[in-house]
Amino acid sequence: MERNLGKLLPVKQGEAVLIVMYDASSRQELDSAVEAAAEAALAHDAIDCCIANTPERAASVWAVRCGILEGMKADSVAQEECDVVVPRARIAEYVKAAKRIALSHGIRVEPCGHCGDGNIHTEMLRGADMSDEEWKRATHASLTELYALSKKLGGQLSGEHGSSIKTEVDAPGFYEFASQILFYARFRADAIFSQRNISTN
């Protein structure tokens, strides 16, 4: 992000960044919530907490978050995403294991996502030195292991962007769920179309 897009986070240390946004009915309530969150983070080994207490600071932080995918595209030849959801208490475990899995197949992976619901976008990035065959083989192997990992941790496919499963990947236990997502999407589309016809005619 910093190298390719020139967008900077206010923190330089650590392996991960957690961005939390609060709203409240009063300034006092807001300050209390933020203070409690900062204390909890530091009590659980956070290196530091930075409070974006002005609109400008908040905007700069969210600009980095919104530009993550763009930054990854600028820093790689191609990308492949494994989009899963895991229990919130196991996000860190999934992220660390996902990096090890991808690295074992020669791929760099940069997970990002939503801690509120456990949805993790596991972005696999292709290096310039990988051939098409190497990339295909490495992503296939990585996806198979990543799906199995999320299932082992009590997770499932993410339906945020539709079904994320790759049909050529061996992912036991996921196909029924994927077909349910696809069926639901098809059903909803048909239902909306029918309603439009009724209201039009």
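**Figure 1. Close-up of N119, a buried residue with a relative accessible area of 3%.** Here, buried means under 20% relative accessible area, exposed means over 50%, and partly exposed covers the range in between, calculated with a 1.4 Å probe on protein chains only. N119 belongs to strand β3, and its side chain comes within 3.0 Å of the backbone oxygen of V84. A polar contact of this kind is a pair of N or O atoms within 3.5 Å; within protein, one atom must be able to donate a hydrogen and the other to accept it, and residues adjacent in sequence count only if both atoms are side-chain atoms. The model is a predicted one, in which local features need a pLDDT of at least 70 and side-chain atom pairs count only at pLDDT 80 or more, whereas totals for chains, interfaces and linings use all residues. Residues are numbered from 1 along each chain as its sequence is written, and side-chain values use heavy atoms, with hydrogens and water left out.

**Figure 2. The open sheet, in which 4 strands follow the order β2-β3-β1-β4 with antiparallel pairing.** Strands β2 and β4 (156-157) occupy the edges and have a single partner strand each, so one side of each is left without a neighbour in the sheet. Helix α5 packs on the sheet, where it touches β1 (78-85), β2 and β3, and its direction makes about 160 degrees with that of β2. Helix α6 (residues 132-152) lies across β1, β3 and β4 and runs at about 10 degrees to β1. Angles run from 0 to 180 degrees between N-to-C directions, and axes are lines fitted to C-alpha atoms, for helices over the stretch in contact. Helices (H or I, at least four residues) and strands (E, at least two) are DSSP runs, numbered from the N terminus. Strands of a sheet pair through backbone hydrogen bonds, either parallel or antiparallel.

**Figure 3. The hairpin of β2 and β3, with 4 residues between the strands.** Strand β2 (residues 108-114) pairs with strand β3 (residues 119-126) in the antiparallel sense over 7 bridges; two strands pair if DSSP finds at least two bridges between them. H114 has N119 in β3 as its bridge partner, and E110 stands opposite E123 in β3. In the hairpin, G118 takes a positive phi near 80 degrees.

**Figure 4. Two salt bridges, one joining E110 to R108 and one joining R126 to D132.** A salt bridge is a side-chain nitrogen of Lys or Arg within 4 Å of a carboxyl oxygen of Asp or Glu, and the structure holds 5 of them. The N-to-O distance is 3.4 Å for E110 and R108. E110 is partly exposed because its relative accessibility is 28%, and R108 is likewise partly exposed, at 36%. The side chains of R126 and D132 meet at 2.7 Å, N to O. R126 is buried at 13% relative accessible area, whereas D132 is exposed at 56%.

**Figure 5. The start of helix α2 (residues 27-43), which contains R27 and D31.** R27 and D31 are 4 residues apart, about one turn of the helix. Their closest N and O atoms are 3.1 Å apart, and the two residues form a salt bridge. R27 counts as exposed because its relative accessibility is 55%; D31, at 36%, counts as partly exposed. S26 lies in the loop between α1 (2-5) and α2. A polar atom of the S26 side chain is 3.1 Å from the backbone nitrogen of E29. With a relative accessible area of 34%, S26 is partly exposed.

**Figure 6. Helix α7 (residues 175-200), the element with the lowest mean pLDDT, 45.** pLDDT is the predictor's confidence in each residue, from 0 to 100. The highest mean among the elements, 92, belongs to helix α5 (residues 91-104). Over residues 175-201 pLDDT stays under 50, and for this stretch the model has 14 contacts beyond four places in sequence, a contact meaning heavy atoms within 4.5 Å. Where pLDDT is low, the predicted coordinates should not be read in detail. The protein chain averages a pLDDT of 76, with 73% of the residues scoring at least 70.

**Figure 7. The surrounding chain, with its 7 helices and 4 strands.** Along the sequence these elements follow the pattern α-α-α-α-β-α-β-β-α-β-α. Of the 201 residues, 28% count as buried. Among contacts with a separation of 6 or more, 62% are between residues 24 or more positions apart.
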